[in-house]
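Reader: I would like to go through one model feature by feature. How should each feature be read?

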Amino acid sequence: MKLDVQLDGRPDEAARRARELIAAGVDGLFTFEGPHDVFLPLIVAAGSPDVPPADLMTNVAIAIPRSPMNLANMAYDLHLLSKGRFRLGLGSQIKPHIENRYGSEWSRPAARMREAVLAVKAILNSWQDGTPLDFRGEFTRHTLMPATFVPGPNPYGVPPVLLGALGPVMTRTAAEVADGLLVMPFHSHRHFRERTLPAVAEGLERAGRDRVEVYPQAIVAMGDTPEEIAAATFGVKALLAFYGSTPAYRPVLDIEGWGDLQPELRALSKTGDVMTMVGLIDDTMARTLAVVGTPAECAAEIKARFGDVAERVCAYFPGTTHPEKTIAALADELHRTP
């Protein structure tokens, strides 16, 4: 199984960190829409001559506030710059962020994301094949493409467009129209098997497709000693508490019998009582919703959860910057055949 890890968002540190992670044996690097631009660190990594080649991915770029044309331009150029190693991962975000952080319009997120994926693919395919651009959707329209603005066929082909999803509607949408499904990192083994995979199967059936690439994501508390694992687990619990406070993520807690915790976490999040929130996430929850242990133990758990349905995994290490040898140990274990 291949390993993708997060490339921290600061562009001035991206090349150095990319070198370290690739030297540790990771197969790919991803960025997320945080305090820095989601694309710029990947541009730095792809364009730095001293950074070895690696797969690159946004995980995710928030699509609703962006034009599909802007996304297609960025995807095309990053695919070119990385010599065919880029995947465009898109996500929707929740209403308060779209309206109050991005200053954009939020409604019917699954319908909007479906259209965003289809529009980006239509633009990329128009450039690749030379066919007239004629995309007419409910939320976006792309019918003008003068030759001046056509980059021409990408020598590395069209980059894959992936869609992040958690709930059944968005998951079905990803299976219907995207090249891959990014399984949101806040989930359990049971939720993945009983909710995500059936929704994938339903989306494929609706679209008459045979398969879609599945890219699971795992929140990982990893260390070489009990003390290191305990320290990493604190960061994991903080992230789980943050996710758990969001109403959209309650179904994951519900399936494990912890749904009543969500409104309690939400109330605490409004007061900023982070330590109490973390205290509500016990060790059983951490091991159910995340992966905890030594690199060998984490690799074994990741393979047990996803090995039969996915060829690679995205690993998050919240609150912890692991030395290269620890990440290398995880990558080595994942690369081993069962």
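Author: What follows takes strands, crossovers, empty space and backbone angles in turn. The model is predicted.

Reader: Let us start with strand β2. Are the residues on its two sides buried or exposed?

Author: A residue counts as buried under 20% relative accessible area. In β2, residues 28-31, both faces are covered. Gly28 and Phe30 are buried on one side, and Leu29 and Thr31 are buried on the other.

Reader: Which way does strand β1 run relative to β2, and how many bridges join them?

Author: Strand β1 covers residues 2-6 and runs parallel to β2, with 3 bridges between the two. For the register, look at Gln6, which stands opposite Phe30 in β2. Between the two strands the chain passes through helix α1, residues 11-23, and this β-α-β crossover is right-handed.

Reader: How many bridges join β2 to strand β3?

Author: There are 4 bridges between β2 and β3 (residues 55-58), and these strands run parallel. Phe30 has Met57 of β3 opposite. The connection from β2 to β3 goes through helix α2, residues 40-47, and this β-α-β crossover is right-handed. Phe30 thus appears in both registers, opposite Gln6 and opposite Met57.

Reader: Which residues does the record list as a domain?

Author: The UniProt entry, which is unreviewed, lists residues 10-305 as "domain: Luciferase-like". In the model, the C-alpha atoms at the ends of that span lie 32 Å apart. Helix makes up 51% of the span and strand 14%.

Reader: Now for empty space. How many cavities of 30 Å³ or more does a search of the whole structure find?

Author: Rolling a probe the size of a water molecule over the atoms shows where empty space is left. Here the search finds 1 cavity of 30 Å³ or more. The largest cavity holds about 40 Å³ of space.

Reader: Which residues line the largest cavity?

Author: The lining consists of Gly9, Thr31, Phe32, Pro35, His36, Asp37 and Pro41. By class, these are 3 nonpolar, 3 polar and 1 charged. Thr31 is a residue of β2 and one of those buried there.

Reader: What is the volume of the second largest pocket?

Author: Its volume is about 210 Å³. It is lined by 15 residues, of which Ala46, Val51, Pro52, Pro53 and Ser82 are the closest to its centre. The lining divides into 11 nonpolar, 2 polar and 2 charged residues.

Reader: Turning to the backbone, which residues does a cis peptide bond join?

Author: To spot a cis bond, look at omega. The bond between Asn59 and Val60 is cis, with omega about 5 degrees. Val60 is in the loop between β3 and β4, where β4 is 61-62.

Reader: Where does Lys83 lie, and what is its phi?

Author: Lys83 is in the loop between α3 (68-81) and β5 (86-91). Its phi is near 60 degrees, a positive value in a residue other than glycine. Lys83 counts as exposed because its relative accessibility is 58%, and the cut-off for exposed is over 50%.

Reader: Where is the place of Gln93, and why does Gln93 count as partly exposed?

Author: Gln93 is found in the loop between β5 and α4 (95-101). Gln93 is not a glycine, yet its phi is positive, at about 65 degrees. Gln93 counts as partly exposed because its relative accessibility is 27%, which falls between the 20% and 50% limits.

How values were computed. Residues numbered from 1 in each chain as written. Predicted model: local features only at pLDDT ≥ 70, side-chain atom pairs only at ≥ 80, totals over all residues. Heavy atoms only, no water. Buried < 20%, exposed > 50% of the residue type's maximum accessible area, 1.4 Å probe, protein only. Pairing = 2+ DSSP bridges. Right-handed = clockwise from strand over helix to strand, strands pointing away. UniProt positions renumbered as here; feature names shortened; annotations may be inferred. 1 Å grid on protein atoms, 1.4 Å probe; cavity = no way out; pocket = protein on both sides within 12 Å on 5 of 7 lines; lining within 4 Å. Points joined across faces, edges and corners; volume = space filled by probe spheres on them. Nonpolar A, V, L, I, M, F, W, Y, C, P; charged D, E, K, R; others polar.
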